[in-house]
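I opened a fresh notebook page for this one. Here is the model I had on screen while I wrote.

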Amino acid sequence: MSLNARLEPVLYLFAGLFGVAGVALAAVAAHGGGQASLAASASAMCLAHAPALLALAFGTTRLNTAWLAGFLMIVGTLLFAGDLVSLRFAGSGLFPYAAPTGGWAMMLGWLAVAAGAVLRVRA
């Protein structure tokens, strides 16, 4: 079984979790007061990457790099959004540079999608 096939259910799982988190964080940003921009930024990243993970899950048979792109997007979103949510609700981040590390991981995930265009599955 390929890495893509093994990761496919994980991509669906995190697409759903990021979708729910994104909507909930948008509500917090709209109604929560305080540092609403932190929740809004976390919401945006969750809502941007949920459909991307869904698309990667659908494309696991056609994109060699789906597993890598999905893994990087999941880790990156967890770090980036998690750090902002932690700042918003606990007053301190996960660890120094967690958000920038997550941002880099998300960008590398998108580059892995682009690399998949070059390293296509041959039918």
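My entries below go from the whole chain to one helix and a surface patch.

Ground rules: I worked on a predicted model, where local features need pLDDT of at least 70 and side-chain atom pairs count only at pLDDT 80 or more, while totals for chains, interfaces and linings use all residues. I number residues from 1 along each chain as its sequence is written, and side-chain values use heavy atoms, with hydrogens and water left out.

Entry 1, fold. I found four helices and zero strands in the protein chain, in the order α-α-α-α from the N terminus. Helices here are DSSP runs (H or I, at least four residues).

Entry 2, overall shape. The C-alpha atoms fill a box of roughly 55 × 25 × 20 Å along the principal axes. Among contacts (heavy atoms within 4.5 Å) between residues at least 6 apart in sequence, 71% join residues at least 24 apart.

Entry 3, burial. I looked up how much is buried (under 20% relative accessible area, 1.4 Å probe, protein chains only): 40% of the 123 residues.

Entry 4, helix α3. I checked the span of residues 66-90: 25 residues at 1.5 Å each should give 36 Å, and the end C-alpha atoms are 34 Å apart, which agrees. The rule multiplies 1.5 Å by one less than the number of residues. After α3 comes G91, with a positive phi near 90°.

Entry 5, W67. This residue sits in helix α3. I noted W67 as partly exposed because its relative accessibility is 33%, and partly exposed runs from 20% to 50%.

Methods
Helices (H or I, at least four residues) and strands (E, at least two) are DSSP runs, numbered from the N terminus.
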